[in-house]
Amino acid sequence: MDRRSFVSSVSALGAGAALSRPDRLVSSAQSAAVESKVPTLPKTNIVVKTRYTPIPPLGNEVFARRLERARQLVRDAGGSMLLATSGATNFAYLVGSNYGRSERLIALLLPVAGGPVLIAPSFEVERVRRGSHIDAPVRGWEEQADPFALVRDAIRESGAASSAIVVEPKTDYWTAMAISRALPDAKLIDGSSVFEELRLVKTPEEIARMRRAIEITEDAIASTFDRLEVGMHDRDVAKIVTDEHAKRGMEGGGLVQFGGQSALPHGGTIGTKLAPQTVVLIDAGGEFQGYTSDITRTRWFGDAPPARFREVYNLVHAAQDAAMARVRPGVPAQEIDRAARAVITQGGYGQYFTHRLGHGMGMDGHEPTWMVEGNTKLLEPGYVFSVEPGIYMPGMWGVRIEDDYMCTAEGGELLSRRAPIV
């Protein structure tokens with residue numbers, strides 16, 4: 001992380017440094033550390049916070065703008081009506097609340113001309129009304145009734161010029177089929193492109209909440225590293241990550257991997273005990289007022305890290321530099337992946353970079369657009385995404401550094417604090 005020394009006695013590795021095997025021998029001094037459970041990882045050198053300036057919740061006017069933008073995109077897609085069901089992030093994006101999903105239908109109907117309508121079980125009407133941030137009546141259906149008959153009637157009463165319904169892409173299959181039965185003449189349109197376009201460019205109020213989520217996650221990770229001790233299990237450390245988020249008022253957690261487990265990009269937290277002279281990888285994130293963070297930090301737990309770790313770590317860091325430098329409006333998303341991958345390949349580790357460079361971020365931790373080969377979508381100001389190159393060597397260890405980045409009119413902006421080289 002920014003302004004943090006991984007190992008205070010180690011300077012940056014020169015480009016011509018030779019490779020060496022990681023030294024896994026434990027000296028008598030290190031054995032003593034094991035016995036006394038004295039941490040061997042230097043403390044971070046930044047001051048982390050537990051209190052932050054309050055950010056008020058999003059106002060109703062934000063959701064009114066979103067509905068109007070959604071109407072235009074539905075119209076452009078050839079639809080006369082949008083349907084989204086509770087349980088999907090897209091529903092929460094438009095309504096301001098997520099009431100969960102079950103066999104009981106809760107849905108938003110949004111005609112391109114006319115006011116929105118919410119559909120809910122009668123006993124849920126008051127809860128839905130209180131949670132909604134949009135000006136919309138809530139129409140209830142009784143337990144013995146067919147909710148899709150109510151959907152049909154509401155659509156017909158809306159005065160829609162046609163029955164072309166844009167369906168939110170995470171809608172349950174059975175729901176879409178029930179709508180088809182209720183409205184056999186209706187045309188159902190896949191709403192994937194509508195919602196991708198609707199949510200890709202983040203507004204200033206969204207970015208403010210993402211910045212806060214990122215800040216809290218970085219502080220939670222830093223505090224967790226400062227609490228590491230020899231003998232801890234990875235599951236204990238994962239609980240610390242969760243607790244450090246919670247004490248800062250945010251729900252969050254993390255994937256914690258020690259040693260050889262870090263060579264598996266999503267290898268999981270499996271109960272490994274922390275020993276000196278090993279790699280610690282923490283991939284953490286959380287949600288603040290509906291907006292997410294995603295940060296990964298990899299550190300060497302022990303004495304001065306071996307040359308091989310320094311070489312690999314700094315190569316991953318350089319790959320991040322190259323990717324971030326390539327970000328600007330009009331650049332295809334795949335070019336960001338290519339920039340990072342070229343650095344790692346030239347460094348001789350191309351076969352060990354096994355996943356895409358990054359993913360879009362917002363209300364979902366992973367959402368379009370994807371920084372991956374084959375994605376020719378052009379970046380625009382307001383796109384927020386992760387930049388997370390990695391090198392994973394089975395049987396040894398892995399290194400991933402993940403930061404959150406935004407395309408701006410001038411180029412790009414780092415939303416997180418940059419980890420230093422070692």
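Let's start with I391, which counts as buried because its relative accessibility is 0%. Please keep in mind that this is a predicted model. I391 sits in strand β14, residues 390-393. What does I391 touch, once we leave aside its neighbours within four places in sequence? The list is V312, L315, V316, I344, Y349, Y352, W397, G398 and V399. You will also find Y313 in that area: the C-alpha atoms of I391 and Y313 are separated by 8.3 Å, although their positions lie 78 residues apart along the chain.

Stepping back to the whole chain, we have 422 residues, and 55% of them count as buried. The chain holds 11 helices and 17 strands. If you take contacts between residues at least 6 apart in sequence, 68% of those join residues at least 24 apart.

A word on confidence, before anyone asks. The average pLDDT of the chain is 90, and 88% of the residues score at least 70. The exception I want to flag is residues 1-40, where pLDDT stays under 50. The model does have 93 contacts beyond four places in sequence for that stretch. Where pLDDT is low, though, the predicted coordinates should not be read in detail, and I'll leave that part there.

Now to the sheet I'd like to walk you through. It is an open sheet of 6 strands, in the order β4-β3-β2-β1-β5-β6, and the pairing is mixed. Which strands stand at the edges? Those are β4 and β6, the latter being residues 187-190; each has a single partner strand, so one side of each is left without a neighbour in the sheet. On average, neighbouring strands here are turned by 25° against each other, ignoring direction.

Let's go in at β3, residues 117-121. Is β3 mostly covered or mostly open? Mostly covered: 5 of its 5 residues are buried. With β2, residues 107-111, strand β3 pairs in the antiparallel sense over 3 bridges, and L118 is the bridge partner of L108. β2 and β3 form a hairpin, with 5 residues between them, and in the turn G114 has a positive phi of about 120°.

On the other pairing of β3, the partner is β4, residues 138-141: these two run parallel and are joined by 4 bridges. There A120 has G140 as its bridge partner. Helix α4, residues 125-131, belongs with these two strands, and β3, α4 and β4 together make a right-handed β-α-β unit.

Over to β5, residues 164-167, which runs parallel to β6, again with 4 bridges. Here A164 stands opposite K187 of β6. Two helices pack on the sheet. Helix α5, residues 147-157, touches β1, β2, β3, β4 and β5, and its direction makes about 145° with that of β4. Helix α6, residues 173-182, touches β1, β5 and β6, with about 155° between its direction and that of β6.

One more helix to finish: α2, residues 60-76. How does its length check out? At 1.5 Å a residue, 17 residues should span 24 Å, and the end C-alpha atoms are 25 Å apart, so the two agree. The buried residues in α2 include V62, F63, R66, L67, A70, R71, L73 and V74. For anyone looking at that spacing, an α-helix has 3.6 residues a turn, so residues three or four places apart point the same way. Just after α2 comes G78, with a positive phi of about 85°.

Conventions:
Residues are numbered from 1 along each chain as its sequence is written. This is a predicted model: local features need pLDDT of at least 70, side-chain atom pairs count only at pLDDT 80 or more; totals for chains, interfaces and linings use all residues. Side-chain values use heavy atoms; hydrogens and water are left out. Buried means under 20% relative accessible area, exposed over 50%, partly exposed in between (1.4 Å probe, protein chains only). Two strands pair if DSSP finds at least two bridges between them. A crossover is right-handed if, with the strands pointing away from the viewer, the path from the first strand over the helix to the second runs clockwise. pLDDT is the predictor's confidence in each residue, from 0 to 100. Contact means heavy atoms within 4.5 Å. Axes are lines fitted to C-alpha atoms, for helices over the stretch in contact, and angles run from 0 to 180 degrees between N-to-C directions. The expected span of a helix is 1.5 Å times one less than its number of residues.
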